[in-house]
Protein chains: 2
Amino acid sequence: MGGEKMMDHKVEGRPERARFVRESADFRRQALIEATARCLAEKGVGGTSVRAICAYAGVSAGLLTHYFEGVDALILATYRDVGEKVSSAMERAVTEAGPDPRDRLWAYLRSNFQPPVLDPNLLATWISFWSLNKTNPEIAATHAETYGGGRERMEVLLREAAPQIPRPAARIAAIALTALIDGLWLELCLDSSTFTIDEALGMLEEGMNYVLQKPRSETVDQ
Amino acid sequence: MGGEKMMDHKVEGRPERARFVRESADFRRQALIEATARCLAEKGVGGTSVRAICAYAGVSAGLLTHYFEGVDALILATYRDVGEKVSSAMERAVTEAGPDPRDRLWAYLRSNFQPPVLDPNLLATWISFWSLNKTNPEIAATHAETYGGGRERMEVLLREAAPQIPRPAARIAAIALTALIDGLWLELCLDSSTFTIDEALGMLEEGMNYVLQKPRSETVDQ
DNA sequence: TATTGATAAGAGCCATGGGCTTTCCAGTTC
DNA sequence: GAACTGGAAAGCCCATGGCTCTTATCAATA
């Protein structure tokens with residue numbers, strides 16, 4: 001609408017808008033994702049707002065909607081990003097463990113309790129994701145993917161380390177070890193004074209040894 | 001103030017305020033607590049507002065502040081209430097298990113996966129509490145109490161079932177079993193299609209047997 | 001039965017949140 | 001070097017949230 005728009009002269013009351021730098025889309029997206037992770041970790045789900053995220057990222061509030069559909073989409077992207085970071089770090093640990101299958105399995109398991117996976121902020125972020133699972137179907141789908149992928153990977157490593165284990169038993173063992181890890185992880189995050197990381201590693205190692213050395217091949221005949 | 005107050009005749013423009021019944025403070029408090037639990041379970045932390053809670057409880061929004069300091073205090077009271085319900089249900093299971101120490105321990109462990117403890121809504125509520133742990137010190141304190149109490153109880157049952165287990169080992173065993181339970185619980189809540197409750201019970205039983213039958217008393221000499 | 005005082009309802013206030021729009025600026029192109 | 005393009009900053013609008021405050025209602029008591 002071509003109205004003449006008043007056109008105030010700005011002789012001295014200049015709005016003084018902040019200068020800014022132009023960045024690539026990838027850079028901004030990544031900054032927003034990392035800011036979201038920090039926000040979830042430090043302030044919880046309730047404190048994770050558009051303004052808080054953008055303040056952490058050092059950008060104005062309008063940018064979030066410019067790069068993402070909304071705050072929900074950004075949280076989902078953060079979930080995916082964090083999940084990939086974790087699984088790639090674990091995979092790296094496996095690669096660095098060398099050729100021995102047992103070493104590789106142990107490296108995979110213990111990497112949950114070593115940097116960069118064992119990071120208080122990361123744990124807190126993860127709990128936030130869990131709490132969104134019920135109300136956000138996309139979060140739930142991403143969780144199913146992440147969990148399923150991790151369990152399958154662990155299953156493969158298990159069968160490589162102990163080929164005599166039958167498939168169904170390997171599945172159960174992977175589920176149990178994952179549950180043990182998650183439970184220890186959870187409590188470490190909620191109250192790190194309950195036990196130490198070394199103690200957690202000890203429990204995990206004992207669980208792995210039990211699963212591997214269990215040679216009783218009494219097939220489940222129910 | 002004895003003003004003559006206009007005294008509108010209300011011939012037909014009556015405000016029509018809703019009728020209500022008078023209830024005891026305990027009744028209202030309990031109704032609000034149960035509404036909060038339902039709200040947390042169904043709508044998550046983000047959807048748990050004063051209005052939502054009071055709608056579930058069937059009362060007006062003003063009543064929440066009348067009976068509790070605020071919504072945070074109500075959530076804390078709900079946490080305490082849920083925690084007591086769970087622990088009393090587990091204690092009941094132990095009592096009903098009879099005198100055999102091993103039966104009692106197993107009853108305690110398996111009660112986590114039986115009603116009323118195994119309730120999808122309860123699991124979701126619990127995750128909500130976990131997600132509040134970081135930002136709410138009182139929630140964190142309540143968690144520490146609840147977790148510590150459960151672990152100590154499990155430790156006692158463990159040592160009654162297997163007196164040869166030394167104290168430090170019993171502590172570790174209790175922590176590990178609790179972690180296993182929490183991890184299985186968590187995943188059952190997030191995605192119940194991953195495994196069945198019977199499978200979870202099987203894993204838990206195997207864990208208990210391992211802990212009990214482990215007679216190697218090689219004391220930890222690091 | 002009239003009084004009284006606590007319980008409950010519901011509107012309202014202020015703050016915050018999310019998303020949208022407008023305005024502005026930095027790098028590009030002709 | 002001037003117009004152009006699109007990224008970026010603020011401000012705006014409306015909805016929601018927590019909490020308060022006033023008013024209405026009920027039940028027990030004198």
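## Protein contacts to DNA strand D

In this predicted model, a polar side-chain atom of Arg28(A) sits 3.1 Å from a phosphate oxygen of DNA strand D. Chain B reaches phosphate oxygens of the strand too, with backbone N or O atoms of Val50(B) and Val71(B). Here are the three contacts side by side:

| Residue | Protein atom | Distance to a phosphate oxygen of DNA strand D |
|---|---|---|
| Arg28(A) | polar side-chain atom | 3.1 Å |
| Val50(B) | backbone N or O atom | 2.5 Å |
| Val71(B) | backbone N or O atom | 3.2 Å |

Which elements give two or more residues to the surface near the strand? They are helix H3 (62–67) of chain A, plus helix H2 (50–57) and helix H3 (62–67) of chain B. H3(A) has the largest share, with four residues.

Zooming out, DNA strand D has 26 residues around it, and Arg17(A), Ala18(A), Glu23(A), Tyr67(A) and Val50(B) are the closest. Of the strand atoms that come within 4 Å of the protein, 63% belong to sugar and phosphate. By class, the surface near the strand is a mix of nine nonpolar, eight polar and nine charged residues.

As for annotation, an unreviewed UniProt entry lists residues 26–86 of chain A as "domain: HTH tetR-type". That span is 79% helix and 0% strand, and its end C-alpha atoms are 20 Å apart.

Over in chain B, Thr36(B) is part of helix H1 (residues 25–43). Is Thr36(B) buried or exposed? It counts as buried because its relative accessibility is 0%. Leaving aside residues up to four places away in sequence, Thr36(B) touches Ile53(B), Leu74(B), Ile75(B) and Thr78(B).

Notes
Residues numbered from 1 in each chain as written. Chains lettered and ligands numbered in written order. Predicted model: local features only at pLDDT ≥ 70, side-chain atom pairs only at ≥ 80, totals over all residues. Heavy atoms only, no water. Buried < 20%, exposed > 50% of the residue type's maximum accessible area, 1.4 Å probe, protein only. Contact = heavy atoms within 4.5 Å. UniProt positions renumbered as here; feature names shortened; annotations may be inferred. Near = heavy atom within 4 Å. Polar contact = N/O pair within 3.5 Å; in protein donor to acceptor, adjacent residues only side chain to side chain. Nonpolar A, V, L, I, M, F, W, Y, C, P; charged D, E, K, R; others polar.
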